[in-house]
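Visitor: I'm new to this one. Could you walk me through how to read it?
Guide: Happy to. Let's take a look together.

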Amino acid sequence: MLALALLLAGGAVTGCGGRATTHHKPGTSHEQASGSAGSLLPAADAAGHKLREVPAEGAPEVQLAARPDSEDGWNLQLSVKNFRFTPDSTGGAALPGAGHAHLELDGRKIARLYGPWFHLPAAQVPEGAHTLTVRLYADDHTAWAVSGKAVEGTTQLTAPALGPSGGHGHGDSQPAQSPTPGQEQADRTVTITVRDGKVSPAPARTELRRGERVALRVTSDRADTLHVHGYDKELALPAGQEATLILTADRTGLFEVETHESALVLTQLLVR
């Protein structure tokens with residue numbers, strides 16, 4: 001009995017201290033606090049994520065800069081301090097100075113970032129002046145905070161009028177924008193519609209061979225974010241507009257495709 005108890009205890013330690021999962025389990029919340037770094041506050045950030053307070057000394061820091069891209073949109077650079085991006089452990093415990101970032105346009109989340117660079121397409125930014133915000137999060141999706149305020153950086157961006165091709169021009173000589181790169185090379189296309197909280201067609205498995213490219217074409221009646229688990233790929237879903245994510249299925253397994261805000265499973269990618 002003593003040996004059995006020790007064996008079970010050892011298994012429990014392994015389960016709690018092993019490699020963090022790459023995505024949250026079905027039925028659990030992005031807000032689950034499984035780490036011991038810092039202390040959770042009752043307050044939440046603008047997106048509803050709990051704040052994880054840490055001392056100011058050695059706390060994560062972030063600054064954001066935006067530069068026009070020569071072909072389309074802007075290239076964003078996140079300059080971080082006391083922080084590292086950990087895409088492989090997203091959904092796991094909150095570890096000091098680790099995690100990912102969220103990108104917001106005028107207070108609306110448009111992407112999750114797993115590195116210091118991100119290309120913002122012109123099609124996602126309406127004409128006019130805007131505020132871009134990046135906020136740092138722990139792997140358990142709580143927001144790093146200092147003195148009760150989330151750790152974030154902002155920058156201003158002004159988008160010109162849409163050009164004839166639907167993109168923002170950066171000058172009179174700007175050429176017409178070509179179709180989305182790689183879209184016509186997709187081996188499979190999955191078209192999904194989300195309306196009134198229902199997915200059409202009903203969620204099913206999409207079987208792929210390893211190395212195939214799949215295009216996920218999604219139209220949602222409300223603004224949301226598409227997330228492919230396991231690959232940690234995300235795509236902003238503007239309300240009422242079709243959005244397409246091109247994914248190369250370069251790893252085998254079963255991967256759920258879901259929406260973040262409405263928590264709907266759209267399909268499952270079965271890669272053999």
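**Reading the sheets, rings and confidence**

Guide: Let's start with a sheet: three strands make an open one, in the order β3-β4-β8, and their pairing is antiparallel. Keep in mind as we go that this is a predicted model.

Visitor: Which strands are the edge strands of that sheet?

Guide: An edge strand is one that pairs on one side only, and here those are β3 (61-68) and β8 (117-120). Neighbouring strands in this sheet are turned against each other by 20 degrees on average, direction ignored.

Visitor: How many bridges join β4 and β8?

Guide: Four bridges, and they run in the antiparallel sense. To see one place in that pairing, find Trp74, which stands opposite Leu120 in β8.

Visitor: What is the strand order in the five-stranded open sheet?

Guide: Read across, the order is β15-β21-β20-β17-β18, and this time the pairing is mixed. At the edges sit β15 and β18, each pairing on one side only. From one strand to the next, the twist averages 15 degrees.

Visitor: In which sense do β15 and β21 pair, parallel or antiparallel?

Guide: Parallel, over four bridges, with β15 covering residues 205-208 and β21 covering residues 265-271. You can follow the pairing residue by residue: Arg205 has Gln268 as its bridge partner in β21, and Leu208 stands opposite Val271 in β21.

Visitor: Which residues of β15 are on its covered face, and which on the uncovered one?

Guide: Thr206 and Leu208 make up the covered face, while Arg205 and Glu207 make up the uncovered one.

Visitor: Let's move to single residues. Is Thr225 buried or exposed?

Guide: For this you look at relative accessible area, where under 20% means buried. Thr225 comes out at 1%, so it counts as buried. You'll find Thr225 in strand β17, residues 224-228.

Visitor: What does Thr225 touch, beyond residues up to four places away in sequence?

Guide: Lys109, Glu234, Leu235, Leu237, Glu258, Thr259 and His260.

Visitor: Now for the aromatic rings. How many aromatic pairs are there?

Guide: The count comes to two aromatic pairs. One is Phe83 with Phe85, and it is edge-to-face, with 5.3 Å centre to centre and 90 degrees between the planes.

Visitor: Why does the pair of Tyr231 and Phe255 count as edge-to-face?

Guide: Look at the angle between the ring planes: over 60 degrees counts as edge-to-face. The planes of Tyr231 and Phe255 are at 65 degrees, with the ring centres 4.8 Å apart, so this pair is edge-to-face. Tyr231 lies in the loop between β17 and β18 (233-237) and Phe255 in strand β20 (residues 253-259), so the pair ties together parts that are 24 residues apart in sequence. Both rings belong to buried residues: Tyr231 has a relative accessibility of 9%, and Phe255 has a relative accessible area of 9%.

Visitor: Which residue has its charged end over the ring of Tyr231?

Guide: That's Arg251, with its charged end 5.1 Å from the centre of the ring.

Visitor: Back to Phe83. Where is Phe83 placed?

Guide: Phe83 is in the loop between β4 (74-81) and β5 (84-85). At 10% relative accessibility, Phe83 counts as buried, and its ring partner Phe85 counts as buried at 18%.

Visitor: What does Phe83 touch, leaving out residues up to four places away in sequence?

Guide: Pro60, Gly97, Ala98, Gly99, His100, Leu136, Tyr137 and Trp144. You can also compare places along the chain: Phe83 and Ala59 are 24 residues apart, and their C-alpha atoms are separated by 8.1 Å.

Visitor: One last thing, the confidence. Where in the chain is it lowest, and where highest?

Guide: Lowest in helix α1 (residues 2-17), with a mean of 43, and highest in strand β10 (residues 143-146), at 96. The chain averages a pLDDT of 80, and 78% of the residues score at least 70. Two stretches are worth marking as you read. Over residues 4-33 the pLDDT stays under 50, and the model has 38 contacts there beyond four places in sequence. Over residues 169-184 the pLDDT is below 50 too, with 19 contacts in the model beyond near neighbours in sequence.

Terms used
Residues are numbered from 1 along each chain as its sequence is written. This is a predicted model: local features need pLDDT of at least 70, side-chain atom pairs count only at pLDDT 80 or more; totals for chains, interfaces and linings use all residues. Side-chain values use heavy atoms; hydrogens and water are left out. Helices (H or I, at least four residues) and strands (E, at least two) are DSSP runs, numbered from the N terminus. Buried means under 20% relative accessible area, exposed over 50%, partly exposed in between (1.4 Å probe, protein chains only). Contact means heavy atoms within 4.5 Å. Two strands pair if DSSP finds at least two bridges between them. Rings of Phe, Tyr and Trp (its six-membered ring) pair if their centres lie within 6.5 Å; planes under 30 degrees apart count as stacked, over 60 as edge-to-face and the rest as tilted. A charge sits over a ring if NZ of Lys or CZ of Arg is within 6 Å of the ring centre and within 35 degrees of the ring normal. Axes are lines fitted to C-alpha atoms, for helices over the stretch in contact, and angles run from 0 to 180 degrees between N-to-C directions. pLDDT is the predictor's confidence in each residue, from 0 to 100.
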